[in-house]
Amino acid sequence: MKNVISYIICICLFSCNKNTDKFELCPGKKWPYYHPTLKYQGGFYEIKKHYYNNYKSIDSPSNTGIVKISFNINCEGQSGNYLIETYSLKYNNVSISKKITKQLLDLTKTLIYWIPASNEDGDTVNSHKFFAFKIVNGKLTDILPR
């Protein structure tokens with residue numbers, strides 16, 4: 001009896017627990033698109049506030065450039081498939097500290113109030129989003145697109 005109860009608890013823990021690390025696009029179109037109807041609860045103001053309130057500057061004169069993080073948002077408002085690119089302010093490839101890129105990626109992953117985009121028929125769809133962070137001497141100075 002004790003083994004049966006343990007077995008049921010294990011099954012429930014593994015099958016009932018939603019794994020938030022597993023990201024999947026919704027069935028349908030394979031490639032997500034930029035959609036003007038994709039929104040964030042509270043708008044871009046809330047997104048900027050999130051980064052400016054939580055980003056910890058890393059005093060480093062050699063860390064100046066742009067960190068671009070692009071990602072997908074599925075029809076349920078979940079995000080995933082993150083990609084990081086770094087550029088100089090003149091858009092040449094450059095290395096920026098992993099402390100900075102990881103911090104920005106982690107902050108991006110905690111944006112959880114996406115309002116999924118809709119197509120012409122009103123159905124929610126997968127979409128694609130990106131942010132470009134301007135870093136000057138390790139400090140966050142701007143977030144694009146506005």
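Q: Hi! Let's start with a hairpin: how many residues sit between strand 2 and strand 3, and which residue in the turn has a positive phi?
A: Happy to help! Please keep in mind that this is a predicted model. Strand 2 and strand 3 have 5 residues between them in their hairpin, and the residue in the turn with a positive phi is Gly 77, at about 85°.

Q: In which sense do those two strands pair, and over how many bridges?
A: They pair in the antiparallel sense, with 7 bridges linking residues 65-73 of strand 2 to residues 79-87 of strand 3.

Q: Can you give me one pair to click on? What's the bridge partner of Ser 70 in strand 3?
A: Try Leu 83, which is the strand 3 bridge partner of Ser 70.

Q: While I'm in strand 3, what is phi of Asn 81?
A: Asn 81 has phi near 55°, which is positive in a residue other than glycine. Asn 81 belongs to strand 3.

Q: Is Asn 81 buried or exposed?
A: In between: Asn 81 is partly exposed, as its relative accessible area is 45%.

Q: And Tyr 91, where is that one?
A: Tyr 91 is in the loop that runs between strand 3 and helix 3. Phi of Tyr 91 is positive too, near 65°, again in a residue other than glycine.

Q: Why does Tyr 91 count as exposed?
A: Because its relative accessible area is 58%, and exposed means over 50%.

Q: Back to strand 2. How many bridges join it to strand 7?
A: There are 9 bridges between strand 2 and strand 7, and the two run antiparallel. One of the pairs is Gly 65 with Ile 135, the latter in strand 7.

Q: What does strand 7 do with strand 8?
A: Strand 7 and strand 8 (residues 139-144) pair in the antiparallel sense, over 5 bridges. Within that pairing, Phe 133 has Ile 143 of strand 8 as its bridge partner.

Q: How many residues are between the strands of that hairpin?
A: There are 2 residues between strand 7 and strand 8, and Asn 137 in this hairpin takes a positive phi near 55°.

Q: Which two residues does the cis peptide bond join?
A: Leu 144 and Pro 145, with omega at about -5°. Pro 145 is in the segment that follows strand 8.

Q: Changing topic to pockets. What's the volume of the second largest one?
A: The second largest pocket comes to about 230 Å³.

Q: Which residues lie nearest its centre?
A: Those are Leu 38, Lys 39, Ile 47, Trp 114 and Lys 129, out of 15 residues that line the second largest pocket.

Q: What's the split by residue character in that lining?
A: The lining of the second largest pocket has 9 nonpolar residues, 3 polar and 3 charged.

Q: Which elements each supply at least two of its residues?
A: Strand 1 (39-40), helix 2 (43-54) and strand 7 (127-136) each do that for the second largest pocket.

Q: What about Tyr 33, where is that?
A: Tyr 33 is located in the loop between helix 1 (2-16) and strand 1. Its relative accessible area is 45%, so Tyr 33 is partly exposed.

Q: What does Tyr 33 touch, aside from neighbours within four places in sequence?
A: Tyr 33 is in contact with Asn 126, Ser 127 and His 128. Tyr 33 and Asn 126 are 93 residues apart in sequence, while their C-alpha atoms are 7.0 Å apart in space.

Q: Now helix 3. Is Thr 101 buried or exposed?
A: Thr 101, which lies in helix 3 (residues 98-109), is buried because its relative accessible area is 10%, and buried means under 20%.

Q: Which contacts does Thr 101 make beyond four places in sequence?
A: Thr 101 is in contact with Val 67, Ile 84, Thr 86 and Ile 96.

Q: Let's zoom out. How many helices and strands are there in the protein?
A: The protein has 3 helices and 8 strands. From the N terminus, their order is α-β-α-β-β-α-β-β-β-β-β.

Q: What percentage of the residues count as buried?
A: 35% of the 146 residues do. As for surface, the accessible area of the protein is about 9,900 Å², with 56% of that belonging to carbon and sulfur atoms.

Q: Last one: among contacts with a separation of 6 or more, what share comes from residues 24 or more positions apart?
A: Residues 24 or more positions apart account for 72% of those contacts.

How values were computed. Residues are numbered from 1 along each chain as its sequence is written. This is a predicted model: local features need pLDDT of at least 70, side-chain atom pairs count only at pLDDT 80 or more; totals for chains, interfaces and linings use all residues. Side-chain values use heavy atoms; hydrogens and water are left out. Two strands pair if DSSP finds at least two bridges between them. Helices (H or I, at least four residues) and strands (E, at least two) are DSSP runs, numbered from the N terminus. On a 1 Å grid over the protein atoms alone, a cavity is a set of points where a 1.4 Å probe fits but cannot get out, and a pocket is an open set with protein on both sides within 12 Å along at least five of seven lines; lining residues have an atom within 4 Å of a point. Grid points are joined across faces, edges and corners, and a volume is the space filled by probe spheres set on the points. Ala, Val, Leu, Ile, Met, Phe, Trp, Tyr, Cys and Pro count as nonpolar, Asp, Glu, Lys and Arg as charged, and the others, Gly among them, as polar. Buried means under 20% relative accessible area, exposed over 50%, partly exposed in between (1.4 Å probe, protein chains only). Contact means heavy atoms within 4.5 Å. Accessible areas come from the Shrake-Rupley method with a 1.4 Å probe; for residues, only the protein chains shown count as cover.
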